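Reader: I would like a close look at one part of this model, the aromatic residues and the core around them. Please keep to what can be read from the structure.

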Amino acid sequence: MAERAARPCCLGWDFSTQQVKVVAVDAELNVFYEDSVNFDRDLPEFGTQGGVHIHKDGLTVTSPVLMWVQALDIILERMKASGFDFSQVLALSGAGQQHGSVYWKAGASRVLTSLSPDLLLHKQLQACFSIRDSPVWMDSSTTAQCRRLEAAMGGAQALSGLTGSRAYERFTGNQIAKIYQQNPEAYSQTERISLVSSFAASLFLGSYAPIDYSDGSGMNLLQIQDKVWSQVCLGACAPHLEEKLGAPVPSCSVVGAISSYYIQRYGFPPGCKVVAFTGDNPASLAGMRLEEGDIAVSLGTSDTLFLWLQEPMPALEGHVFCNPVDVQHYMALLCFKNGSLMREKIRDESASCSWSDFSEALRSTEMGNGGNLGFYFDVMEITPEIIGRHRFSAENRQCPRQRFWPLEGHLATETSYSWNRRALFRGCEVSPKSQISCYPNPRSCSGLRGPSPAIRQA
């Protein structure tokens, strides 16, 4: 049988809320291999729902670190079994859910640098984490820490002006502060704190990968203009924090060559480069190839709206991050926590778990519901800070549930909040040629977990 022709490629990895995914892209940017591991379906022993553990207080939300590691093991073993030619991988990079943090226990670096190719990663890293369940972006349990950080900075606007955002519960600095205050022993045993993105890169490097500027902007710790950690913010969160974080780097940095573990176990070439991983939202801006003035909408576990900025003008709502593509520029972002999981709940309740039935109902209903409006926040929303389901008639009277209102109401609400927060983007010109695109297809309206053309059209 003829041998396969060599196909040099790069690998892209996504460590998201609900899955780990890989794609292989050749020199012509053709995707010729992809695979994913869904945490709930493929790793049920971790007991997650939507990839997370929601604690009894309804505010604390975490994910098991070893679940992410085991998912990587599964994908790599599948690729190997399929005959994937790892020797052709020139470089790899990826993205991780923003704000989540990983706490490497003292001595973990020695384990990373001496991995045995005879064993799977998750078998070797079991004792490497001082916090086994990582706080993630859905967590909203750090209000006290947020207020303390803002007070230390002289107020919310002062903090936003420096770091790009006022204090948000999901932001990593506040999560670190909570762990230091509530679990000081675990904090003292931690030698390195990674974001999910730099954690994933560390697995491939076999050493601690640095945090990149763009993902680091979602921590309430990085001075977004100077690209250095704020000493005041660090001190307000926890002691010795700078040494646990390491120095941040530009998002396009080559952070090293792949670990010998992957060379020996899977056949990666020694020259395979590891490029800094970044957050999922910055990665979306890069992947969508946005230009100045363009706006993109990502409909995922969370829904986000983002655009390219030349100059940062942080406000009290929304966020300004360092741009992952151009180190001199920035990106603005709005994030809504009640995204695809909320839509799926409404689909299940209203359309017997069927996207096709759901879409048919949407197509047959007047756009905008004749002025009726619904707000659907089963978990505490980010913007605005509210929880619950609230429905109003065109006369502004609170109403009982009506069939198929939820989808249109939810989307109308998202659109309303997105556009009514134009103050976030003051000073940004959206030119007439600018395009509004929906992740993941550039310049197109697509992308939704549980695809529905009718939702995309709405």
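Leaving aside its neighbours within four places in sequence, which residues is Tyr262 in contact with?

Author: This is a predicted model. Apart from neighbours within four places in sequence, Tyr262 is in contact with Leu72, Leu76, Leu121, Leu203, Phe204, Gly267 and Phe268. Tyr262 also belongs to the largest nonpolar core, which has 57 residues; Tyr262 and Trp13 are the ones with the most contacts inside it. Helix α2 gives the largest share of this core, 10 residues. A second core of 39 residues is separate, and includes Leu222, Ala238, Leu241 and Phe336.

Tyr262 and Trp13 are also members of one aromatic cluster, together with Phe32, Tyr33, Phe84, Phe86, Phe204, Tyr261, Tyr266, Phe268 and Phe277. Two of the contacts of Tyr262, Phe204 and Phe268, are thus named again in the cluster.

The count of aromatic pairs comes to 19. One pair can be followed in detail: the ring centres of Phe32 and Phe84 are 6.2 Å apart, and their planes meet at 5°. Pairing requires centres within 6.5 Å, and planes under 30 degrees apart count as stacked, so Phe32 and Phe84 form a stacked pair. Phe32 is part of strand β3 (residues 31–38), while Phe84 sits in the loop between α2 (65–81) and β6 (89–96). The pair therefore ties together parts that are 52 residues apart in sequence. Burial can be given for each partner: Phe84 is buried, with a relative accessible area of 10%, whereas Phe32, at 28% relative accessibility, counts as partly exposed.

Aromatic rings also take part in another kind of arrangement, with a charged side chain over the ring. Arg166 lies over the face of Tyr168, 4.1 Å from the ring centre. Lys244 lies over the face of Tyr187, with 4.8 Å to the ring centre.

Burial can also be followed along a helix. In α14 (residues 280–287), the buried residues are Asn281, Pro282, Ser284 and Leu285. Viewed down the axis of α14, these fall within an arc of 155°, so they line one face of the helix. The elements they pack against are α10 (213–216), β14 (278–279), β16 (303–309) and β18 (330–336). Just after α14 comes Arg289, which takes a positive phi of about 55°.

How values were computed:
Residues numbered from 1 in each chain as written. Predicted model: local features only at pLDDT ≥ 70, side-chain atom pairs only at ≥ 80, totals over all residues. Heavy atoms only, no water. Phe/Tyr/Trp six-rings, centres within 6.5 Å; stacked < 30°, edge-to-face > 60°. Helix = DSSP H or I, 4+ residues; strand = E, 2+ residues; numbered from the N terminus. Buried < 20%, exposed > 50% of the residue type's maximum accessible area, 1.4 Å probe, protein only. Lys NZ or Arg CZ within 6 Å of the ring centre and 35° of its normal. Arc of directions from axis to C-beta. Contact = heavy atoms within 4.5 Å. Core = buried A, V, L, I, M, F, W, Y, C linked by side-chain atoms within 4.5 Å.
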